[in-house]
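User: I am new to this structure and would like a close look at a single part of it. Please take the cysteines and any disulfides as the starting point, and then move on to one strand and its surroundings.

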Amino acid sequence: MKRILITGAAGFLGSHLCDRFIKEGFHVIGMDNLITGDLKNIEHLFPLKQFEFQHHDVSTFVHVPGELDYILHFASPASPIDYLKIPIETLKVGSLGTLNLLGVAKQKNARILVASTSEVYGDPLVHPQNEEYYGNVSPIGPRGVYDEAKRFMESITMAYHRFHGLDTRIVRIFNTYGPRMRLNDGRVVPAFMGQALRGEDLTVFGDGSQTRSFCYIDDQVEGIYRLLMSDYTDPINIGNPHETTIKEFAQEIIKLTGTSQKVIYKPLPQDDPLQRQPDISKAKEILDWEPKVERSEGLKIVFDYFKSLSKEELLKKEHRNFS
């Protein structure tokens with residue numbers, strides 16, 4: 001049985017990756033310090049013999065006993081509300097955490113895939129964003145802690161690949177949504193749905209003309225799986241190229257939820273990207289991958305998930321570990 005280490009295992013994306021690799025017949029070692037993750041995302045896996053969990057911060061020394069075939073490094077705060085509250089931890093997990101895991105991969109002769117982000121493109125001057133674009137990022141802006149952590153992650157991963165001959169993969173993840181997102185994590189899908197369920201007006205930052213492209217979690221996981229199993233070592237975009245404005249998206253949510261809230265407008269946060277759309281030509285050509293789930297279908301699944309949450313979860317304003 002192949003063994004895989006998945007960091008950030010109790011997070012939104014990490015937990016779905018644990019599910020996928022269990023389904024594919026792997027022995028999965030999940031690792032998470034639970035600063036933004038939640039054990040309830042993976043508690044259904046605890047009875048399984050092929051799953052084990054380590055409560056650990058990858059920014060400190062990482063030790064995994066036994067052989068290891070693959071590593072997926074997905075540990076990191078992933079939304080502005082998180083990384084603006086824990087900026088140092090965000091920088092450390094992208095730098096020290098990546099360094100530690102590259103060291104483990106080298107020691108174990110394991111293939112490692114690191115989770116980069118569309119945020120490496122910053123507020124892009126090229127649209128849509130392809131992998132050759134170097135980005136437009138402010139290293140000293142409030143969002144720089146996340147953007148630069150991920151850019152460093154890519155740099156050191158390629159350095160280990162070139163210098164040590166390490167078997168590496170880099171995925172640049174664009175906006176992804178699905179069940180197990182935290183309602184209060186600040187990203188637009190849970191933010192709008194939470195506001196709709198609580199009977200609050202929907203908050204749009206700026207004039208709502210900024211764009212996002214939303215990829216359903218199952219599509220994202222499939223793209224990551226294919227990349228890991230491919231021979232491609234340069235960064236690759238995985239996301240949904242179907243773009244929508246935030247204003248249009250707010251109206252879509254109001255229609256889906258059957259609520260009658262107003263849309264209210266607030267100032268745009270500093271360095272918030274105005275356009276976000278992946279060029280997925282490489283993913284199509286190299287991985288034979290493109291998203292399959294329509295946004296209307298995916299949003300209905302997510303809304304049903306959020307509707308099933310307890311009133312306490314629906315009203316929770318802060319993640320417990322930040323208070």
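**Cysteines and a strand**

Analyst: In this predicted model, a search of the whole structure finds zero disulfides. A disulfide is a covalent bond between the sulfur atoms of two cysteines. Here the sulfur of cysteine 18 has its closest cysteine sulfur in cysteine 215, and because the separation is 19 Å, the two are too far apart for a bond, given that a disulfide calls for sulfur atoms within 2.5 Å. Cysteine 18 is buried, with a relative accessible area of 0%, and cysteine 215 is likewise counted as buried, at 0% relative accessibility.

The strand to look at is β1, which covers residues 3-7. Five of its five residues are buried, so β1 is largely enclosed by the rest of the structure. Both of its faces are covered, with Arg3, Leu5 and Thr7 buried on one side and Ile4 and Ile6 buried on the other.

β1 also has strand partners. With strand β2, made of residues 27-32, β1 pairs in the parallel sense over five bridges, and within that pairing isoleucine 4 has valine 28 of β2 as its bridge partner. Between these two strands the chain passes through helix α1, residues 12-23, in a β-α-β crossover that is right-handed. Strand β4, residues 70-73, also runs parallel to β1 and is joined to it by four bridges, and there the bridge partner of isoleucine 4 is tyrosine 70.

How values were computed:
Residues are numbered from 1 along each chain as its sequence is written. This is a predicted model: local features need pLDDT of at least 70, side-chain atom pairs count only at pLDDT 80 or more; totals for chains, interfaces and linings use all residues. Side-chain values use heavy atoms; hydrogens and water are left out. Buried means under 20% relative accessible area, exposed over 50%, partly exposed in between (1.4 Å probe, protein chains only). Two strands pair if DSSP finds at least two bridges between them. A crossover is right-handed if, with the strands pointing away from the viewer, the path from the first strand over the helix to the second runs clockwise.
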